[in-house]
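Dear colleague,

I am handing over the structure we spoke about, and my notes on what was found in it follow below. Please read them with the structure open beside you.

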Amino acid sequence: MVASEIKSPVSVPETPGSSSVHHRKQLSVFFIESDNRRLALGRGYTGGTTPVNIHGKPIANLSKTGGWIAAFFIFGNEMAERMAYFGLSVNMVAFMFYVMHRPFESSSNAVNNFLGISQASSVLGGFLADAYLGRYWTIAIFTTMYLVGLIGITLGASLKMFVPDQSNCGQLSLLLGNCEEAKSWQMLYLYTVLYITGFGAAGIRPCVSSFGADQFDEKSKDYKTHLDRFFNFFYLSVTLGAIIAFTLVVYVQMELGWGMAFGTLAVAMGISNALFFAGTPLYRHRLPGGSPLTRVAQVLVAAFRKRNAAFTSSEFIGLYEVPGLKSAINGSRKIPHSNDFIWLDKAALELKEDGLEPSPWKLCTVTQVEEVKILIRLIPIPACTIMLSLVLTEYLTLSVQQAYTLNTHIQHLKLPVTCMPVFPGLSIFLILSLYYSVFVPITRRITGNPHGASQLQRVGIGLAVSIISVAWAGLFENYRRHYAIQNGFEFNFLTQMPDLTAYWLLIQYCLIGIAEVFCIVGLLEFLYEEAPDAMKSIGSAYAALAGGLGCFAATILNNIVKAATRDSDGKSWLSQNINTGRFDCLYWLLTLLSFLNFCVFLWSAHRYKYRAIESEEDKRSAVL
């Protein structure tokens, strides 16, 4: 075996009373590199994160590819995807209730589950991108699937054969449940095309932000600035898609019907697909690094197999890594050893018994072990954003029900209730527009950070503002409920109160919009920078997974609250009659949960250790 040994632990005697901390500190110098690893993994190793063209060949002239021009093609795809996503989320509940004649609660839960599955299954898209397809082809395949699903939904809303009979089905008949129910095959068709759309979104979501960030040169001195601005502009495109969904699509539905509304989403998606493919010659690509789940499994199996091996044993040669400047993992730089999760280091424990050609299920490189450590370290941060997603999901239903009881007129213009969620989008648009001219200069003086605030600080600001938003929502709902009772509207929950404007809801909407822009933009940038090179899409999928779990958590919380607060008359905090229910108590509960979640985030952020990137000088000295 040809190897360059940095230090052998054989000469380090184990003294009585030696602490595990001492052993942990020594691990960073117990390091060996071997040429055998190239054969053990079954492939050679590449030049780290070197960008390639669509054919997998190195790009001769980087100045002709990537950059902001390529990123804008990607922005267009994301804007259309978000437009379709929010267009479905705001219209599908009403479509199921008014057209398919499903109960409102059943329709709401079905759409919540659709939103949750489409986000939670983003891990699948991230896995395929990082393991086999690459981000470009994953987006290309799933955005086409998305378009097919939207066309199917449009046909379902346009052709009478896919919907139940609408005759003799007025407002009263709907409320009493006397309308003809949808046939089982009609609901099966709707759910099929809806979930085709959901899985299309799941494949796109974890890849688009990472693929856009891939267009910028890591070696550029302005890379950090470009990356910071990219994620802000990326979320701006998300916001524009949401604003269009909450305004134009709602208007088309009211004036031209459901078929035209869903058709508008399909047309927008078709145009964005064409623009995305038109930008193909400009894109920079990263080679997929092989199955990340396989590499994670190899580390866990190897660590378990050597769980009883000691780092001070005479059989211990060193921690295992390939020689040279490059990692054994396609598309990944070497990752320096860290002292966290020491039990995982057993997977890289090189013993004499491993032989000349060790199996990757018995021996892994330090970089491979560090990938798993990074994935574990990342988990608490996106997990703390599940609470924000839960609050956003509750707002989509609770705030709309509040708006139905309030006056939505602006002078002589009456805004549809379904347009109310546009206001968080407008606040996000305003914040992003003023971010660099107002927020960054002010916070730079306070923090000394050239970007105003670090990614984790921005996530923390977002979570803190979300607490204020939901607390205000509880205060206003308490006032609104007492006003309705005192003015004779207790049992008229479908009647608007003319003297109480819906624009009091703008405070909680705008605050949650501010919370979202700080938290989600900071989280996306944080996950992209901290995720392992060959797992960028998996890292981005963490954010989508947190969003999906928030949707599921909202449904679970609502079911628990209904069961726990139901009285002998069948009333609960979440009664269909909002004026006899206690939405304000639910908001107070969300405030408490959000505060506890914020405390957990502060603890997790304080303990988090940022990923170290090995410099070229460090790499060269490691093999001398």
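How much area does the protein expose, and what share of it do carbon and sulfur atoms supply? In this model, which is predicted, the exposed area comes to about 26,300 Å², and carbon and sulfur atoms supply 64% of it. Of the 624 residues of the protein, 56% count as buried, and the secondary structure consists of 19 helices and 8 strands. When contacts between residues at least 6 apart in sequence are considered, 85% of them join residues at least 24 apart.

Turning to the interior, the largest nonpolar core has 160 residues, and those with the most contacts inside it are Leu-88, Met-92, Phe-95 and Phe-262. Helix H3, which spans residues 67–98, gives the most to this core, with 16 residues. If residues up to four places away in sequence are not counted, Phe-262 touches Leu-88, Asn-91, Met-92 and Phe-95, and also Ile-153, Thr-154 and Ala-157.

On the surface, Ile-151, Leu-155, Leu-159, Met-161 and Trp-185 make a nonpolar patch of about 470 Å². Ile-151 belongs to helix H5, residues 122–158, and because its relative accessibility is 41%, Ile-151 counts as partly exposed.

Another tryptophan, Trp-343, is found in the loop between strand S3 (316–321) and strand S4 (349–351). Since its relative accessibility is 48%, Trp-343 also counts as partly exposed. Leaving aside neighbours within four places in sequence, Trp-343 is in contact with Leu-300 and Ala-303, while its C-alpha atom is separated by 7.4 Å from that of Arg-307, a residue 36 places away along the chain.

Finally, the cysteines. A disulfide is a covalent bond between the sulfur atoms of two cysteines. With a cut-off of 2.5 Å between the sulfur atoms, the count in this model comes to 0 disulfides. Why does Cys-384 not form such a bond with the closest cysteine sulfur? The closest cysteine sulfur is that of Cys-519, and because it lies 9.3 Å from the sulfur of Cys-384, it is too far for a bond. Cys-384 is buried, with a relative accessible area of 3%, and Cys-364 likewise counts as buried, because its relative accessibility is 0%.

With best regards

Technical notes
Residues are numbered from 1 along each chain as its sequence is written. This is a predicted model: local features need pLDDT of at least 70, side-chain atom pairs count only at pLDDT 80 or more; totals for chains, interfaces and linings use all residues. Side-chain values use heavy atoms; hydrogens and water are left out. Patches are made of residues with over 30% relative accessible area and no salt bridge: like charges are joined within 9 Å, nonpolar side chains (Val, Leu, Ile, Met, Phe, Trp, Tyr) within 5 Å. Accessible areas come from the Shrake-Rupley method with a 1.4 Å probe; for residues, only the protein chains shown count as cover. A salt bridge is a side-chain nitrogen of Lys or Arg within 4 Å of a carboxyl oxygen of Asp or Glu. Helices (H or I, at least four residues) and strands (E, at least two) are DSSP runs, numbered from the N terminus. Buried means under 20% relative accessible area, exposed over 50%, partly exposed in between (1.4 Å probe, protein chains only). Contact means heavy atoms within 4.5 Å. A nonpolar core is a set of buried Ala, Val, Leu, Ile, Met, Phe, Trp, Tyr and Cys residues joined through side-chain atoms within 4.5 Å.
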